[in-house]
Amino acid sequence: MQGHLPHPATPISDAAFLIKRGKKRGSYNCGRCGVPKKGHKCPLTPENDDGSTPVSTPSSAAVTSSIAATLSSASAASASASVKMVTTPVVRPTPPPSRRRALSFDDVSVADSIDELDDEEPFEFEEDPDLYRSGKLPANCLWEVLKRLPPVGLLSAAKVCRGWRETTRKLWRASEELRLRVPAKAQIGFVGSVLQKCPGLLTLSLRIESDVDATMLACIAFSCPNLQSLEIFTSDSCVNRITGDELSRFIAEKRCLTSLKMEGCCNLGGFIFSSTSLSTLWLSDLHSLSKTVFNCPNLKEVSLDFSRQENDSTDLTTVVESLGRSCPKLQNIHIASVLLSHDAVLALSAANLRALRMLSLVLGSEITDASVAAIASSFPKLELLDLSGSGISDSGIGMICNVFPETLSKLLIALCPNITSSGIQFAAAQLPRLELMDCGMTICDADSQKFEDNDSELQRTPNSKMHLIYQKLIIKHSRLKKLSLWGCSGLDALYLNCPHLHDLNLNSCRNLHPERLVLQCPNLESVHASDCDDILVKTIETQVYNDYSAVENQFNSKRFPDGSKRVRVPYFCSPQPSDDEMKWRRPMKRQCAVIMDL
C-alpha cells in the first residue's frame, strides 16, 4: 500500500522536495581515517560493536534463561576490551603519497640569460595545506629551492601546482633586488609583467638589448613606487632615445631614488636634475649638452663619460661650475672627455669641495702641471687621483708627492707621454701609502710605431741606436699591490721589490730584455704578458715559479762547549723531524699564473 501523497495543488518547497527524494550521495572518503572508501577496509572499526540491531526478536523464556550467561559474558567482554584499549593504542595510518609532477631545474639558457633573485632575510610561512600538495615538500625547503631560480624559471615554476604558485607569489612580493636581461624581441609588456610582481622592489638592474625610450621609465615609475637604485645598461646595437626632459621628470618624481646609472645617453641634449635624495649619478656616452643644472644637495658621487666625437659642443667649464655650486657634498668625481682643459680644472678648484676624496679627469690633453698645482691646493685629502691622458710631466708628479704623501693610495697616470721612469720611481718612493699605480703607455718609444713594420729586427737588437733611448725602472715599495706597465715599449730593464704585489701587467712590453728583468715579489698571483717575446715569457715563468722568499735553514745549530761559535749540525747527525714538523717546515709554492690573451 502506497503512503500518503500530497495533492497536486499543494505547494511544496524546494528544500522539502529534496528531502523527500531518494537517498542523497554521501562522501567518497572514510569518516574515520579520511582515505577513499573504494577498496578500503578501515582499521579503526571497533571489533565488538554493541550497538548492532538483532535481526529477529527472541522469546521471553530464552531471554530469561540466558540473562546470567549474557551478563557474565558481557562483563568478561568489557573487561577484556578495557585491557585491550589500555595496552594497544590506536595508530592512525598515514595516507598514501600523492603523485608528484616533474619539473626540471637545469635550464642553462635561462640561467645564463637572467641573473638569479636572492633574498637575504628569511621569510616566515603560515601553515597552509596548499603548500604541501606537491610531493609534500616543506614550505621552507621549497622557498630555498625556488629563490635560486631566475625570473623566467619562477614564472615556469608557478605553473606546476597551487602550492608552488603561492610560494612563487610570496617570493616575488618579498624580493627587494632584481637583475633582468631584456632580450631584443621582448616588448615593454614583458618588463611590466615582471615588475608588477615585485611591489616592494628597491634595486633594479636592466640590461636591454633593444631600443629604449621614455616608455620604459614610465613603466618603472608605475610598477616600482619605492625604487631606490636603478641601472640601465644597453648593448652596442641599440639606441637610447630618452631625452633630458624625460629623465629630469623621472628623477623629480621618484622621491626615494638614491642611485641612477644609465648608458647610451647620447640624446639627452640638456637636463635639469632636481632631487634631494639622489646621491649617486652615472651617465655615459654624453654628447653636446646645451644645458646642465644639478640641483642635488646630497649628491656624493658623479660620473660623466662623454663620447669621443669631434663635433661635441659641450661647455665643460659650465658643467663643472654647476657641479661645484649646487653639490657641496661631492666626494667622488669622474669626468672623461677630450674637451677637458685647464679652465675646467680652475672652475672645479674654485668650488668649496673639502670632502672630495676621488678625482678622475681623463683624456684631458690640455691639463698641465699648472692644473696639478690647482688641484693640490684645493683638495688636500685626495685618496685617488686619475689624470690619465693628460699632459703633466715629472714636475707635476713631484707636486703630487709633496701634497699627498699621507693620503694618496691610488695613482693613475696612463697615457701621459711627458712622464719618464724617473717620475714613476720618485712617486713610488715618496708615496708610502700607494697601493695601485697605472703607468700604461707612459714610458713609450715614440719611434716604435714608425719602425715596427720596416725595421722590426732593429728594435730587438741590443746594440742598435734605438737602445740608447730606452729607460730602466726600479721600484721598491712595501704596500704596492697592483702595478700596470702595459704598452711601455720604451722600457728595457725592470727591477721590482714589492712583497705585497699580487697583480702585474706587462702587456706589449716588447723591448723589455729578459736579462734585465728581476721580480722579487713573493705574493705575486698573476702576470699579464700578452704581446711579449717568448723568451721574456719564459723568463717571467721561471722567476715567478721560483721562491724568492727567504727559506729558513732546516739544519739544527749548536754551540761549542765554550759557547764561542755557533755551527750547523749536518743533516745525517741531526734528529729527524716528524711528518707533522716537515709539513710545517716545507716552503709553500706560490700559485702564480702568467696570462697571455691571444
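This report describes one sheet and several salt bridges in a predicted model.

**The three-strand sheet**

Strands of a sheet pair through backbone hydrogen bonds, in either a parallel or an antiparallel manner. In this model, three strands form an open sheet in the order β14-β16-β18, and their pairing is parallel. The edges are formed by β14, residues 471-476, and β18, residues 517-520, each of which pairs on one side only. Neighbouring strands of the sheet are turned against each other by 15 degrees on average, direction ignored.

Strand β16 comprises residues 491-497 and runs parallel to β18, to which it is joined by four bridges. Two residue pairs illustrate how these strands face each other. L494 has L517 in β18 as its bridge partner, and L496 stands opposite L519 in β18.

In a regular strand, the side chains alternate between the two faces of the sheet. Strand β18 shows such an alternation: L517 and L519 point to one face and are buried, whereas V518 and Q520 point to the other face and are not buried. Buried here refers to a relative accessible area under 20%.

**Salt bridges**

The model contains eight salt bridges under the criterion applied. The table presents some of them, with the distance between nitrogen and oxygen.

| Salt bridge | N to O distance |
|---|---|
| R169 and E166 | 3.6 Å |
| D211 and R241 | 3.0 Å |
| D305 and R308 | 3.3 Å |

The pair of R169 and E166 belongs to a single helix, α7, which spans residues 162-174. These two residues are three positions apart, about one turn of the helix. R169 has a relative accessible area of 44% and is partly exposed.

What does the salt bridge between D211 and R241 tie together? D211 lies in the loop between β2 (203-208) and α9 (214-223), while R241 lies in the loop between β3 (229-234) and α10 (244-253), so the pair ties together parts that are 30 residues apart in sequence. Both side chains have intermediate accessibility values: D211 is partly exposed at a relative accessible area of 40%, and R241 is partly exposed at 46%.

The side chains of D305 and R308 also meet in a salt bridge. D305 has a relative accessible area of 23%; because the class of buried residues ends under 20%, D305 counts as partly exposed.

Definitions and conventions: Residues numbered from 1 in each chain as written. Predicted model: local features only at pLDDT ≥ 70, side-chain atom pairs only at ≥ 80, totals over all residues. Heavy atoms only, no water. Pairing = 2+ DSSP bridges. Axes fitted to C-alpha atoms, helices over the stretch in contact; angles between N-to-C directions. Salt bridge = Lys/Arg side-chain N within 4 Å of Asp/Glu carboxyl O. Buried < 20%, exposed > 50% of the residue type's maximum accessible area, 1.4 Å probe, protein only.
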